[in-house]
Amino acid sequence: MIYPTQRAVWLVAAAAPVALAIGIVAPGAWVAALGWVVLMVVLVVVDALLAPPLGSARLSIATPAAIHVGETFDLAPRLEQDTRVLPAAFAAEISGPLEREGPRTSTRFRAVRRGRAVVEALWARHAGPMGLAWRQTRRPGGQAIAVMPDIRPVRDEGMRQYLNSQHTGLRMRRDSGEGQEFQVLTDFQPGMERRTIDWKASAKHASLLAREYQTERDNAVVFAVDAGRAMSDPVGGVPRVDRAVSAALLAAFVALKSGDRARLYSFAARPQVDSGTLSGTRGFARLHHAAADIDYGTDESNYTLSLVTLDGRLERRSLVVLFTEFTDPTSAELMLAAAQRMLKRHRLLFVLFRDEELEGIQDAEPKEADDVVRATVAHALLRERRIVIQRLRRMGVDVIEAPAEAMALRLVERYLRHRERVA
């Protein structure tokens, strides 16, 4: 493809005032300006023919396989023909959660949110020796770049919590805990739970004996992220779904390090992403990449379809960590019904972000009549929220409600507590 340069456009445009001036002085000679235009068109074509051909050139681009939200990187393509690199101008056409920094021809991009960016096409052009024409070529791209949440700021703290939870030291000892695998009978000591007492053995030996269990390994943990409309609303300036994915990845990292198996699942109006059950620290990379495919939904979440589908895919009893949000009593009722069905086979842990905006409206000092109305509505919404949370807890569902900034570490603490409990 051949395009005129800015210089050629200005030279052709200069013929207009010249033709006007000639027409005023000598009305019959204004057509001489048309000769200038024709001459410039011929020079543009000649200049394009003299430019190095790009038809056989090879365009390539080095793209990172994955980047984190907020990172800036360069996507400068390379144009190679034979064995030499041509001094051409380049551009990359990219769709997805990337924002170009600078002018349209800039190859500097910044990742603004989670998702998957795709290099749609690569452009390269070379100017002729007179600078009047561009010879341009376009090549399809196809490379994909996963934009993933950045959990590095909290991962170190999560690892410290994981290491503190391990019963390791200089002395060799059994890894005892509150799992289901019976290990040994021991004397009942003050501080032990009464449910650990073995009454038959105690009656036989005439002293209180307690069962000591071995901490289980290879537990199945499912991180189910609701990506519906309510979870797309921001909390603290960041969408809830982004905060949920970051917290899920941190807890999954600790779970894999602890010897358990992790799975990432997302849904909105229908199931979306399912990483499958993964084990070992190498499985975390696959979870991290799967998180980039969790999209921002605009539909209401279908708890019945999504959780029934998840239940059918799970082959064993698991701890299901559900990140969700409810905005009205109707959606809450559907959520409670789906949770009741899941409890027949699995343990449930609901993760809710504290609505600090509603709490601020409720606690703010009213100055006008509208402030009283807003505070009343906020109080009613928070009251309905507390009722739903209490119903979940009475059903046997564990619930975490914490500020957004503290959620990731609170979830790791609760997971470490759950893995030592009796299912």
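Trainee: Do β3 and β12 run parallel or antiparallel?
Mentor: Start with the rule: two strands pair if DSSP finds at least two bridges between them. Strands (E, at least two residues) and helices (H or I, at least four) are DSSP runs, numbered from the N terminus. A66 of β3 stands opposite A146 in β12. Three bridges join the two strands, and the direction is parallel.

Trainee: The model is predicted: local features need pLDDT of at least 70, side-chain atom pairs count only at pLDDT 80 or more, and totals for chains, interfaces and linings use all residues. Residues are numbered from 1 along each chain as its sequence is written, and side-chain values use heavy atoms, with hydrogens and water left out. How many bridges join β10 to β12?
Mentor: β10 covers residues 115-127 and runs antiparallel to β12. One bridge pair sets A117 against I145 in β12. The number of bridges between β10 and β12 is four.

Trainee: How many of the five residues of β12 are buried?
Mentor: Buried means under 20% relative accessible area, exposed means over 50%, and partly exposed lies in between (1.4 Å probe, protein chains only). β12 is largely enclosed by the rest of the structure, because its buried residues number four of the five.

Trainee: What is the strand order in the open sheet of three strands?
Mentor: The edge strands are β4 (72-74) and β8 (98-100), and each pairs on one side only. On average, neighbouring strands of this sheet are turned by 35° against each other, direction ignored. Pairing is antiparallel, and the order is β4-β9-β8.

Trainee: Which residue in β9 stands opposite L98?
Mentor: β8 and β9 (residues 108-111) run antiparallel, joined by three bridges. E99 stands opposite R110 in β9. L98 stands opposite A111.

Trainee: Which residue in β9 stands opposite D74?
Mentor: β4 and β9 are joined by three bridges in the antiparallel sense. Opposite D74 in β9 stands R108.

Trainee: Which residues of β9 point to one face and are buried?
Mentor: In a regular strand the side chains alternate between the two faces of the sheet. R108 and R110 point to one side of β9 and are not buried. Pointing to the other face, and buried, are F109 and A111.

Trainee: Within what arc do the buried residues of α8 fall?
Mentor: The buried residues of α8 (residues 283-291) are G283, F284, L287, H288, A290 and A291. They line one face of the helix, because, seen down the axis, they fall within a limited arc. That arc, taken over the directions from the helix axis to the C-beta atoms, is 165°.

Trainee: Which helix do the buried residues of α8 pack against?
Mentor: Packing partners include the strands β3 (66-68), β12 (144-148) and β19 (261-267). β20 (271-274) and β21 (278-279) are also on the list. The helix listed is α7.

Trainee: At roughly what angle do the axes of α7 and α13 cross?
Mentor: The contact (heavy atoms within 4.5 Å) includes A247 and L250 of α7, and L411 and Y415 of α13. Axes are lines fitted to C-alpha atoms, for helices over the stretch in contact, and angles run from 0 to 180 degrees between N-to-C directions. The axes of α7 and α13 (residues 407-418) come within 9 Å and cross at roughly 35°.

Trainee: How many salt bridges are there?
Mentor: A salt bridge is a side-chain nitrogen of Lys or Arg within 4 Å of a carboxyl oxygen of Asp or Glu. One of them joins R313 to D274, with the closest N and O atoms 2.8 Å apart. R313 lies in α9 (residues 303-313) and D274 in β20, so the pair ties together parts that are 39 residues apart in sequence. The count is 14.

Trainee: Is R313 buried or partly exposed?
Mentor: Its partner D274 has 26% relative accessibility and counts as partly exposed. R313 is at 38%, so R313 counts as partly exposed.

Trainee: How far apart are the closest N and O atoms of R240 and E325?
Mentor: R240 is in α7, while E325 is in the loop between β22 (319-323) and α10 (329-342), 85 residues apart. Both R240 and E325 are buried. Their salt bridge has its closest N and O atoms at 3.6 Å.

Trainee: Which residue does E325 meet in a salt bridge at 2.4 Å, N to O?
Mentor: E325 is buried, with a relative accessible area of 6%. The partner, at 7% relative accessibility, also counts as buried. A network of salt bridges links R240, E325, D355, R385 and E401. The residue at 2.4 Å is R385.
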